[in-house]
Amino acid sequence: MKLILLGAPGAGKGTQAEILSEKLNIPTISTGNILRAAVKNGTPTGLKAKEFMDAGKLVPDEVIIGIIHERLAEPDCSNGYILDGVPRTVAQAEAIEKAGIIFDAVVSIEISDDEIINRMGGRRVCESCGSSYHVKAAPPKRDGICDNCNGKLIQRKDDAPETVKARLEVYHKETEPLKDFYAERGLLKSVENSGIAETTERILSVLGK
Ligand code: AMP
């Protein structure tokens, strides 16, 4: 199963990707997590990406395309994967298509901007492994500590309200056109965000699982 999860920032892509990854036994590839690790480790990619990320802007396509080529060539991707947060522009989608990478489905998680702005303040992520939580909707077992790796949970800088608004604008302008791109290829399935468990059920159902 080769799957793309589309959706606005905060739509629940990361959470669904983690659940589906376990259920379908395939890895999740999140460019956001890869970039945050690069920033934390001070790699050349991280140094390039940081200012774009902090401002809620997209990292240049060529950086992302390089990351994806490298990651998809790793052996754990041979049985399939879930792409979370990539592609984010038509240029990225075209580059992936040009590389001969094809998908079984593209699932767009739908949610209103207002709901996203309300929810983002509660999001927490693990600074070590990138797992995501929500203080109300999906709290960790122990306050401030990751269930998966005992790492520290933090609020992302780019979850600040002004940055969330900038990221939503970028989403509508740059990423939403991908829905038409994949609808034209007969791959697009849309699923309303309707709570974590229900959304997973709906995604599995549109995938015929
Ligand atoms: P995310 O965790 O997916 O919300 O990504 C966090 C930030 O990383 C985004 O706001 C962008 O600055 C950057 N980023 C992640 N994935 C991509 C991508 N596919 N294209 C461009 N920028 C990206």
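These questions and answers walk through some local features of a predicted model. Local features need pLDDT of at least 70, side-chain atom pairs count only at pLDDT 80 or more, and totals for chains, interfaces and linings use all residues. Residues are numbered from 1 along each chain as its sequence is written, and side-chain values use heavy atoms, with hydrogens and water left out.

Student: How many salt bridges does a search of the whole structure find?
Tutor: Side chains of opposite charge can pair when their charged atoms come close. A salt bridge here is a side-chain nitrogen of Lys or Arg within 4 Å of a carboxyl oxygen of Asp or Glu. Searching the whole structure by that rule gives a count of 14.

Student: Which residue meets K50 in a salt bridge?
Tutor: Look along helix α3, residues 44–54 (helices are DSSP runs of H or I, at least four residues; strands are runs of E, at least two; both are numbered from the N terminus). The two partners are four residues apart there, so about one helical turn separates K50 from D54. Their side chains meet at 2.6 Å, N to O. The partner is D54.

Student: Is K50 buried, partly exposed or exposed?
Tutor: Buried means under 20% relative accessible area, exposed means over 50%, and partly exposed is in between (1.4 Å probe, protein chains only). The relative accessible area of K50 is 35%. Its partner D54 has 32%, and is partly exposed. K50, too, is partly exposed.

Student: How far apart are the closest N and O atoms of R71 and D76?
Tutor: R71 counts as buried, at 15% relative accessibility. D76 is partly exposed, at 38%. The two form a salt bridge, and the closest N and O atoms are apart by 2.8 Å.

Student: Which residue forms a salt bridge with D158, with the closest N and O atoms 2.9 Å apart?
Tutor: D158 is buried, with a relative accessible area of 10%. Its partner R156 also counts as buried, at 12%. R123, D159 and R167 are linked with these two in a network of salt bridges. The 2.9 Å partner of D158 is R156.

Student: Where is P87 found?
Tutor: The peptide bond from V86 to P87 is cis, with omega near 0°. Strand β3 covers 81–84, and helix α5 covers 90–98. P87 is in the loop between β3 and α5.

Student: What is the phi of N25?
Tutor: N25 lies in the loop between α1 (13–24) and β2 (28–30). The residue counts as exposed, at 68% relative accessibility. N25 is not a glycine, yet its phi is positive, at about 60°.

Student: What is the phi of N150?
Tutor: The loop between β6 (132–134) and β7 (153–154) holds N150. N150 is exposed, with a relative accessible area of 52%. This residue is other than glycine, and its positive phi is near 65°.

Student: How many disulfides does the count come to?
Tutor: A disulfide is a pair of cysteine sulfur atoms within 2.5 Å. The sulfur of C129 has its closest cysteine sulfur in C146, at 3.7 Å, so the pair is too far apart for a bond. C149 is in no disulfide either, with the nearest cysteine sulfur, that of C126, 3.5 Å away. The count comes to zero.

Student: What is the relative accessible area of C149?
Tutor: C129 counts as partly exposed, at 37% relative accessibility. C149 is partly exposed as well. Its relative accessible area is 35%.
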